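I opened this entry to look up two things, the enclosed spaces and the aromatic contacts. The notes below follow that order.

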Amino acid sequence: MERHRYDKERDLAAITRIWREIAWLDSDDQMEAMEHFLSDTDCWVALIDGEAECAVMNSAGLIRYEDSDLDLSIISGVTTSLIGRKQGLATRLTAHAVAEAAQTGAKVSILGMFEQGFYNLLGFGSGSYEHHLRFDPASLAMDLPYRRPVRLTRDDWEEIHNAVTRRMRSHGEVVSLPVGFTRLDLMLTEAPFGLGYRNDAGELTHFIWGRSKGEHGPYRVGILSYQDHHQLLELLCLVGSLGDQVRLISITEPPGIQLQDLLRHRVRQLLATAKSEYEFRHDSGTWWQVRILDLESCVAARSYDGAPVSFVLELSDPITKYLDDQAWRGVAGSYVVTIGEVSTVTPGADDSLPVLQASVNAFSRLWLGVRPATGLSVTDSLSAPPELIADLDRAFASLPQPHPGMFF
């Protein structure tokens, strides 16, 4: 595979063509945001006959693990032209981008999947279920006084980005560091609306951003950003005020709460709106996947105050077969692992310890708290003696469900 790092003068026209072919770009006014996005990312392109026909974008970020942050690689775009399909370009170029991120210090990699299974080839495992609710905003039961918001537009991209990077984040939540990432997201939002609040110093503290449709909706909230739970409730109060006109709005449930607790007449909405354009609906599923890049750093991030759990980890990593000349070859190997108040990883083996056999896909899910060892031993590539499975369940049980809190 012939590849090189993105160069604007050489590759912009080809990537623009790719984005138009796959319908990521449909108007000239999005071009400037696209250029900013590309300049802010580590972008790699694969060539056919000397022309870029596949591009993979990697954006630097952070992921919250318990109370600390780990350096994150966000695979923020995998794009292949219509003549570049079925040649393995996307798989090998994504593997290369992941390896480059690992070599430059990223501890974890995350991406949004177009279909479950493809990125499993590169060691990614599926994340937690995200809950998406579609409801009448007037049904939000909020006991807060209404406060007039400020209007936000695409021109506020820098202020919006700063607010998103300072938002309240719990376990698993992600922040993208390049401002171009946020700017492109705003530009690609169809019929956008933005409403928020500033503090006395004029700083944007919390806001909603999304897309509208018609006079009565449905509306979709794509960004819900806040610094504390009172601000979250104020934003939901703001969403409820839209019910004067809008009949349906969809929101991805914020981490740590059950949005249904705040909805009146849920069953009535369900029955009254069935099969209509404004149908109440509660969907769940996962759209994101994650993998460990630096095993030692990731395990060290876990602090468990119970009896330490020690074992031999025999870890497989499918990404290796898709790498060419990269120094980083994945994380496959045999390790002695202890999960405790201070968690450690040492290459090697110990005949006195039980053995956990796992793919990096499954172990990443266990480590992040997506699913317990018991469940992963049934549905994923993870196996161990029953006693070790039970110990691992306990060692990771206190982790909250991880949610990225943003789309990528």
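For the element names I use, helices and strands are DSSP runs, numbered from the N terminus, with at least four residues for a helix and at least two for a strand. I kept in mind throughout that this is a predicted model.

**Cavities.** I looked up the enclosed spaces and found two cavities of 30 Å³ or more. The largest cavity holds about 250 Å³ of space, and its lining counts 20 residues, with L224, T252, E253, G405 and M406 nearest the centre. Two elements, β12 (219-225) and β13 (249-252), give two or more residues to this lining, and β12 has the largest share, at four residues. By class I noted 12 nonpolar, four polar and four charged residues there.

For the second largest cavity I noted a volume of about 140 Å³. Its lining includes V164, R167, F181, D185 and L224, while α5 (179-187) and β12 each supply at least two residues. Here β12 again gives the most, with four residues, and the lining divides into six nonpolar, four polar and two charged residues.

**Aromatic rings.** I then turned to the rings, where the structure holds 11 aromatic pairs. The ring centres of F118 and Y119 lie 4.9 Å apart with the planes at 90 degrees, so I entered this pair as edge-to-face. F118 is partly exposed, at 23% relative accessible area, whereas Y119 counts as buried at 4%. F181, which lines the second largest cavity, also belongs to one aromatic cluster with W19, W24 and F37. Last, I noted R371 over the face of Y129, 5.6 Å from the ring centre.

Technical notes
Residues numbered from 1 in each chain as written. Predicted model: local features only at pLDDT ≥ 70, side-chain atom pairs only at ≥ 80, totals over all residues. Heavy atoms only, no water. Phe/Tyr/Trp six-rings, centres within 6.5 Å; stacked < 30°, edge-to-face > 60°. Buried < 20%, exposed > 50% of the residue type's maximum accessible area, 1.4 Å probe, protein only. Lys NZ or Arg CZ within 6 Å of the ring centre and 35° of its normal. 1 Å grid on protein atoms, 1.4 Å probe; cavity = no way out; pocket = protein on both sides within 12 Å on 5 of 7 lines; lining within 4 Å. Points joined across faces, edges and corners; volume = space filled by probe spheres on them. Nonpolar A, V, L, I, M, F, W, Y, C, P; charged D, E, K, R; others polar.
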